[in-house]
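Reader: I would like to learn how to read the features of a protein model one at a time. Could you take me through them slowly, giving the general idea before the case at hand?

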Amino acid sequence: MRLAFPAIAALSAALGVGLAGLPLPASARTLVFCSEGNPESLDPAAVTTTTAMNVTWQMFNTLVEFSPGTTVIRPGLAESWRVSEDGRTYDFSLRTGVRFHANARFTPSRTLEAQDVLFSFLRQWKPDHPFHRARSGFTYFRDLGLADLLEGVEALDARTIRFRLKEPDATFLPNLAQAFAAIHSAEYADILAAAGAHDELERAPIGTGPFSFAGYRPDIAVRYRGFAAYWRAPEALEPGLEPIDGLVFSITPNPAVRLAKLKAGECQVMAFPAPTDLPTIEADPNLTLISKAELNVAYLALNTRKAPFDDVRVRRAINLAIDRRAIVEAAYGAAGLVARGPLPPGLWASDTGLPDIPFDRAEALQLLKEAGHGHGFETDLWYPPVSRPYNPDGRRVADMIQADLARIGVRARLVTEPWSAYRAALYGGVPQAMLYGWTGDNGDPDNFLNVLLGCKAAEPGGANLARWCDAEYDSAIQAARRTSDVAARTALYRHAQGIFRREAPWVPLAHTVVHMALRRSVVGFRMDPLGRHLFEGVALRDEAPETSR
């Protein structure tokens, strides 16, 4: 899942992009977004973080998609679809006239066809495909269960693509609206394969989205140009306004620096202001503060394949020893809600009757004694180096957990790495205990309970960072996928949440209301419950002289 960019300079030279400063396009309609970190890849099929998915969402489209600001599915590159009576066959009819981007190596000779969809899925599904990632494969595709679910994918004609499933799956359609299902150009892939340049598919991506790739310099910026031939007409704007024709993700990990750049007009939108800065933003007449309750969860994962966390008594003791309410009050403020389980409370299968996890040091000490750790033990505790929508200050949260654990004799050594290396370590199974989180990709409980805690995702490289596999739990969540009956699915998911509570592979920490700050010149930007930052159709007004206060 970690991607290096050894050839970025050569690539940028080919694209005519100057890396030294990554200059903005010569346009008054360029929007600069102060983002929080580097993408781990420019290939949407290889990413799982909201950071990277937001980078790739600007360039790509999917067959079906979520309406902005909702989890409602609408047509995307497919203008319509049919599902067989047995729920096992999906036929998608593609739009006509959808054009791909171009770059210095590639000028498309045709519009979107079924072979592009076929390529985009076969490269993830088939290990012998020339564009399959050789070392780890496409782990998210596997975590979703698609590698085992698919029976076939075929182009019926130039405009019709058919997916055949081995069994009905209630999550299949919403899964196709996720970033991994972005459609690439098979024609571009053929050109790269002929040149032996397979890696350029992710270093110089070609999609059908509202913005085309213009350059990337790690720790500096990702640049895009507006795509004049984009297939979707823009929504109506204020008279005299046109959508932006240039976009820059200015990579700025520190939230205080992001805010300073926003106030100075160096960017027009910033991600994830620090909770302590919210009153300052609200008081600034040049800025607007917006917020939305996202479908997310922050957690401390305990690696169940490493001692002593292979003992459920130790995992329960860790849960009891951490004062989660104090952590949420100190690090999240009013934006945080103490988590009781793995599902955010706004998700339809969340068990709102699940009792809170008590804060009970005496019981934690007794459990450690029963497990043979009466004198405590040592462990690592990894914390994220960047602010995340589900964790605004990883170091502060880690410090508070470290102090709580010390009171029961658990000596936690704090560890972090740069964001890409941090994720590589977690997905590689290195830490014993690790802070992480998740923002839902499709509004379905499966995207939490299966992707983060299912047995398939516990395999190396998967998103089940606790490496926890419980047969009873997994049976329940897989059964929930095989029915479209919401009541039956809810019952199965709530049973699974009870097993999660009993076995304690995580310490669930928080759910959040996510904030973003904008210059008042920004028009048409909407927050999204799935954590997507979508700039399609966004415009910029001329700014009045700054108001002093």
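**Reading the features in turn**

Author: Let us begin with a pair of charged residues in this predicted model: Asp-43 and Arg-123 are both buried, and their side chains meet in a salt bridge with an N to O distance of 2.8 Å. The two residues come from distant parts of the chain, since Asp-43 sits in the loop between β1 and α2 (50–57) while Arg-123 belongs to helix α3 (residues 114–125), 80 residues apart.

Reader: How many salt bridges does the structure hold?

Author: The structure holds 39 of them. Another one joins the side chains of Glu-543 and Arg-519, with N and O 2.7 Å apart. Glu-543 lies in the segment after β20 (539–540) and Arg-519 in strand β18, so this salt bridge ties together parts that are 24 residues apart in sequence.

Reader: Are Glu-543 and Arg-519 buried or exposed?

Author: To answer, one compares the relative accessible area with the cut-offs: under 20% is buried, over 50% is exposed, and what lies in between is partly exposed. Glu-543 is partly exposed because its relative accessible area is 39%, whereas Arg-519 counts as buried because its relative accessibility is 2%.

Reader: Which residues do salt bridges that share partners join into one network?

Author: The members of this network are Arg-142, Asp-143, Asp-148, Lys-456 and Glu-459. Within it, the closest N and O atoms of Arg-142 and Asp-143 are 3.9 Å apart, and Asp-143 is buried, with a relative accessible area of 2%.

Reader: What does Asn-450 touch, leaving aside residues up to four places away in sequence?

Author: Asn-450 has Asp-143 among its contacts, together with Leu-144, Ala-457, Ile-477, Gln-478 and Arg-481. With Gln-478 there is also a polar contact of 3.1 Å between the side chains. Asn-450 lies in the loop between α16 (446–449) and α17 (471–481), and its relative accessible area of 2% is under 20%, so Asn-450 is buried.

Reader: How should I read the disulfides, and how many does a search of the whole structure find?

Author: The general idea is that a disulfide is a covalent bond between the sulfur atoms of two cysteines. Here the search finds two, and when the bonded cysteines of the protein chain are numbered in sequence order, the pairing is 1-2, 3-4.

Reader: Where do Cys-34 and Cys-267 lie?

Author: Cys-34 is in strand β1 (residues 30–35) and Cys-267 in the loop between α9 (255–263) and β11 (269–271), so their disulfide ties together parts that are 233 residues apart in sequence. Their sulfur atoms are 2.4 Å apart, and both cysteines are buried. The torsion about the S-S bond is about -105°, so this disulfide is left-handed.

Reader: What is the torsion about the S-S bond of Cys-455 and Cys-469?

Author: The torsion there is about 95°, so the disulfide of Cys-455 and Cys-469 is right-handed. Their sulfur atoms are 2.0 Å apart, and both residues lie in the loop between α16 and α17, 14 residues apart. Cys-455 is buried at a relative accessible area of 16%, whereas Cys-469, at 47%, is partly exposed.

Reader: Which residues of helix α12 are buried?

Author: In α12 (residues 324–332) the buried residues are Arg-324, Ile-327, Val-328, Ala-331 and Tyr-332. They are on the same side of α12 because they cover an arc of only 95° around the axis. Among the elements that cover these buried residues are β13 (296–302), β14 (336–338), α14 (394–406) and β18 (506–519). Just after α12, Gly-333 takes a positive phi of about 65°.

Reader: Which residues touch the most other members of the largest nonpolar core?

Author: As a general idea, nonpolar side chains in soluble globular proteins tend to be buried together. In this model the largest nonpolar core has 120 residues, of which Phe-92, Phe-163, Leu-300, Ile-318 and Ile-401 touch the most other members. The largest share of this core, six residues, comes from β13. Leaving aside residues up to four places away in sequence, Phe-92 has contacts that include Leu-63, Trp-81, Ile-161, Phe-163 and Leu-176. Apart from this core lies another, of 28 residues, including Tyr-216, Ile-251, Val-514 and Met-516.

Terms used. Residues are numbered from 1 along each chain as its sequence is written. This is a predicted model: local features need pLDDT of at least 70, side-chain atom pairs count only at pLDDT 80 or more; totals for chains, interfaces and linings use all residues. Side-chain values use heavy atoms; hydrogens and water are left out. Helices (H or I, at least four residues) and strands (E, at least two) are DSSP runs, numbered from the N terminus. Buried means under 20% relative accessible area, exposed over 50%, partly exposed in between (1.4 Å probe, protein chains only). A polar contact is a pair of N or O atoms within 3.5 Å; within protein, one must be able to donate a hydrogen and the other to accept it, and residues adjacent in sequence count only if both atoms are side-chain atoms. Contact means heavy atoms within 4.5 Å. The arc is that of the directions from the helix axis to the C-beta atoms. A disulfide is a pair of cysteine sulfur atoms within 2.5 Å. A salt bridge is a side-chain nitrogen of Lys or Arg within 4 Å of a carboxyl oxygen of Asp or Glu. A nonpolar core is a set of buried Ala, Val, Leu, Ile, Met, Phe, Trp, Tyr and Cys residues joined through side-chain atoms within 4.5 Å.
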